[in-house]
Amino acid sequence: MPEKILKEDSIIPRKPGVAPGQGPEKGLITLPGEADREVEGLGEASYVTTKLEQVVNWARGNSLWPLPFGTACCAIEFMSMVSSHYDVARFGAEVVRFSPRQSDLMIVAGTIVDKIAPVLKKIHDQMPEPKYVIAMGACATSGGFYRAYHVVQGIDEIIPVDMWVPGCPPTPDGLMYAILKLKEKIERGEIRRG
Amino acid sequence: MSTLTKYSAIPYTGPAPTNRQQYVPADAQMMDARGQEIAAKIGSPAMLQEHGQDLPTFLVDKAAIVDVLRALRDHADLKFTMPLDLFGVDYPNRERRFDVVYQLYSLANNERVRLKIRVAEDETVPTSVDVFQGYNWYEREVFDMYGIRFDGHPNLRRILCHENFQGHALRKDYDPAQRWLLTDQGVAHIMPKIAKEYEQEEADSDFERVTLNLGPSHPATHGTLRIVVTLDGETIVGADAEIGYLHRCFEKMSETHTYQQVIPYTDRLNYCSAFINNVGYCMTVEKLLGIEAPERAQHIRLMLSEFHRIADHFVAIGTNLVDIGALTNYWYLFQPREEIIGLTEMLSGARLLPTYTRVGGLSIDAPADFLSNSQKIISSIPRFVDEVEALIMRNRIFRERVEGVGVISQEDAINFGWTGPCLRATGVPYDVRKAKPYLGYETYDWDVPVSEGGDTYARFLVRFEEIRQSVRIIQQAIDRGLPPGPVMVDNPYVALPPKEKVYNEMESLIYHFKLIMHGIQPPVGETYFQVEGGNGELGFYVVSDGTKHPYRVRVRPPCFPIYEAFPKMLIGQTIPDVVAALASLNIIAGELDR
């Protein structure tokens, strides 16, 4: 159980932070596939060998650039996730870009109604490949409790989705977990193309 | 803690509500008397008074409505200068099936009046846009939802639903789940009208006029707002706004759910200060039922409302500063906001949208360390506010971006029906918490911050000061301590009995079953109640027909008239000013589009 940091004016429990290189992983990065192979004389050599695709996937998974398609309450929780307390920068996904041309992860945060549906489709079409989509919250997943005359009953009516996050709204931890899961999926090379 | 402590130990001995009872407001006689005075002053034969309502109410002849509205606005004693609301109600079994309801407010006398007209399906109504500019969008909404046409309206087209929508959604015979597909051909093509002062200038200008679309997916429009501007060089000479990109049918959904089930929907109106919506809705239904939440519940409601107001202002100020390039303040302000969210989670179990109130009180009691934790948060907030103020208020770049940007005059703001911090930034000290105190706000010592100017800078000042005033209120509330007692009324026709009793007592089991199956059944009638939301007067108008479903829930959204005035504020400004001014209005789409 990590020691609780006492911050006089805070009611939220915090964990002590660890400086880079001081933690259990000692600042080392393991390349995918490296652990399975026996590398001789790695100490002297200044190179490792792996597959190009694996390195590319590894890089992609660790530097997702999200495009927040935030429409409603979930967008506020998305804001919480990128801001100081939760800080998604720890997982390399903090470069929020509002231009679809510069991003590869679309986070659909909030209810999508019929009026905005063509906009969502258009923005998704404008994103370069490879692109990933997270449907954040009940509304984006299934319309939520809005079974109503003007609400899209889940964004997979319009665009393909890689991750669904439950909750109304999901907590920032929940969204973060989805980003990490997506990262694993990308690194395994499981993502669809085209 | 046992849930038994939630309720008082004394069993309920009052009468059982008989179904289809008529609603009699507590102040009905006073309102009737006041209504007679108003009618005498106007002296119009077209006004027929309706008795036994919670506001002075008149049934007005359709043809005379514009004259009556104008007379009420211009009368030297009455001065009903502010249009609060305009909406429809559908009674399909009646000969003239629609009611169109107008609600006005008089800042001078601090009173309200309600006017109703009856309209048949094929009849039209004269438009009142000439009297109140703010009724432009309201009339479009009534047309969209009910299909009532307004004669002489400058731009009568759908406002919330998309262009390919068939039928009128809030009519009682419309299927709540019937959707219509929007195709690319159906997307509205908007061409802003050139403002009068620029109509003649095109020939003299060196530039060709360009029309530029901002949004709905644009970082500065926060997701769902759309503005179309016509530019002459860099100057905006025409602007128009389009809404409805988050219309998720709150009012129709309310009609298909029971009174308790509507509470989570209200959370999602203004999701930055969700708890205030809970309070507003529950207090409206409580007013209809003639009950009052216990003192302890009211105390917690007041404290958490103020906390959420602070959080709302943090989001408004923080995102506004991000939009004009000052990112640091956003990180600063989200830290204390996160603490407030933590407090909400501690009370209700949910972070952002608590759904914490129930009709008649609160869902659960506050934990034992609620007050000490509130004290911790409240002591830290002034430091953050001071720091952010020190960072920006003497920063020349900031001042140049916000001073004189997005200006609205006091007369225009009132004529559009603005309320809340944006109205107070034009110098009108109207705050529902002072004007019609609820939850005991009148017993606290605090001030209404007012700023002159009506520009973006003034709105910043008002919001900063309101945070400090809310801190003052909470500090007093903490010092008084939580009153002892239950947090839920002891009325088995409203409140569920505790689980222990349900499992062990026959009577409680029956009450539980009755309440789950038949719901809360308020007396037949209509009522309006208002609270001060994060953006202004948040009102709920509930019509009950004595069944477990509300017949009509109308929410008076403070953002709606504010955003309606926005295109007018842009004329003569530049694109960066659009961004700075829009964020300072703190338009919350969930509330704007409902």
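Pro130(A) sits in the loop between α3 (117-126) and β3 (132-136) of chain A. In this predicted model, the peptide bond that leads from Glu129(A) into Pro130(A) is cis, with omega near -5°. A cis bond also joins Cys168(A) to Pro169(A), here with omega near -10°. Pro169(A) belongs to the loop between β4 (163-165) and α5 (172-187) of chain A. Both are worth a look in the backbone, because most peptide bonds are trans.

The chain that carries these two bonds has 5 helices and 4 strands. Read from the N terminus, the elements of chain A follow the order α-β-α-β-α-β-α-β-α. Of the 194 residues in chain A, 38% are buried. Among contacts in chain A between residues at least 6 apart in sequence, 74% link residues at least 24 apart.

Chain A meets chain B through contacts between 35 residues of chain A and 46 residues of chain B. On the chain B side, α4 (250-255), α8, α9 and α19 (589-593) each provide at least two of the residues that touch chain A. The most comes from α8(B), with 8 residues. By class, the residues on this side of chain B are 24 nonpolar, 13 polar and 9 charged.

One of the helices at that interface, α9 of chain B, covers residues 370-392. Its 23 residues reach 33 Å from the first C-alpha to the last, close to the 33 Å expected at 1.5 Å a residue. The buried residues of α9(B) are Ser374(B), Ile377(B), Ile378(B), Ile381(B), Phe384(B), Val385(B), Val388(B) and Ile392(B). They pack against four helices of chain B, namely α7 (295-323), α8 (327-348), α10 (396-402) and α14 (456-480). Helix α8(B) thus appears both as a packing partner of α9(B) and as a contributor to the side that touches chain A.

Chain B is divided into domain 1 (28-151) and domain 2 (250-593). The C-alpha centres of the two domains of chain B are 27 Å apart. Contacts between the domains involve 17 residues of domain 1 of chain B and 17 residues of domain 2 of chain B. On the domain 1 side, β3 (82-90) and α3 (135-146) of chain B each supply at least two residues, and β3(B) gives the most, with 6 residues. That side of domain 1 has 9 nonpolar, 6 polar and 2 charged residues.

Helix α2 of chain B, residues 65-74, has Ile65(B), Val68(B), Leu69(B) and Leu72(B) as its buried residues. Viewed down the axis of α2(B), these fall within an arc of 100°, so they line one face of the helix. Their packing partners in chain B are α1 (28-42), β1 (47-50), β2 (57-60), β4 (98-106), β5 (111-119) and β6 (124-126).

Next comes a set of paired strands in chain B. Strand β9 (residues 226-232) has 5 of its 7 residues buried, so it is largely enclosed by the rest of the structure. With β8 (residues 210-214) of chain B, β9(B) pairs in the antiparallel sense over 5 bridges; within this pairing, Leu214(B) has Ile227(B) as its bridge partner. Strand β10 (residues 235-242) of chain B is joined to β9(B) by 7 bridges, again antiparallel. Here Leu231(B) stands opposite Ile236(B). β9(B) and β10(B) form a hairpin with 2 residues between them, and Gly233(B) in the turn has a positive phi of about 65°.

Glu197(B) is placed in the loop between β7 (149-151) and β8 of chain B. It counts as exposed because it has 10 C-beta neighbours inside 10 Å. Glu197(B) and Val237(B) are 40 residues apart in sequence, with their C-alpha atoms 8.4 Å apart in space.

Two further residues of chain B stand out by their backbone angles, because most residues other than glycine have a negative phi. Asn586(B) has a positive phi of about 55° and is found in the loop between α18 (575-585) and α19 of chain B. It counts as buried because 27 C-beta neighbours lie inside 10 Å. Arg594(B), in the segment after α19 of chain B, also has a positive phi, near 55°. With 25 C-beta neighbours inside 10 Å, Arg594(B) is likewise counted as buried.

Note on methods. Residues are numbered from 1 along each chain as its sequence is written. Chains are lettered from A and ligands numbered from 1 in the order in which they are written. This is a predicted model: local features need pLDDT of at least 70, side-chain atom pairs count only at pLDDT 80 or more; totals for chains, interfaces and linings use all residues. The expected span of a helix is 1.5 Å times one less than its number of residues. A residue is buried if 20 or more other C-beta atoms lie within 10 Å of its own, exposed if 12 or fewer, and partly exposed in between; C-beta atoms are placed from the backbone. Two residues are in contact if their C-beta atoms, placed from the backbone, lie within 7 Å. Two strands pair if DSSP finds at least two bridges between them. Ala, Val, Leu, Ile, Met, Phe, Trp, Tyr, Cys and Pro count as nonpolar, Asp, Glu, Lys and Arg as charged, and the others, Gly among them, as polar. Domain bounds come from an automatic or database domain assignment. The arc is that of the directions from the helix axis to the C-beta atoms.
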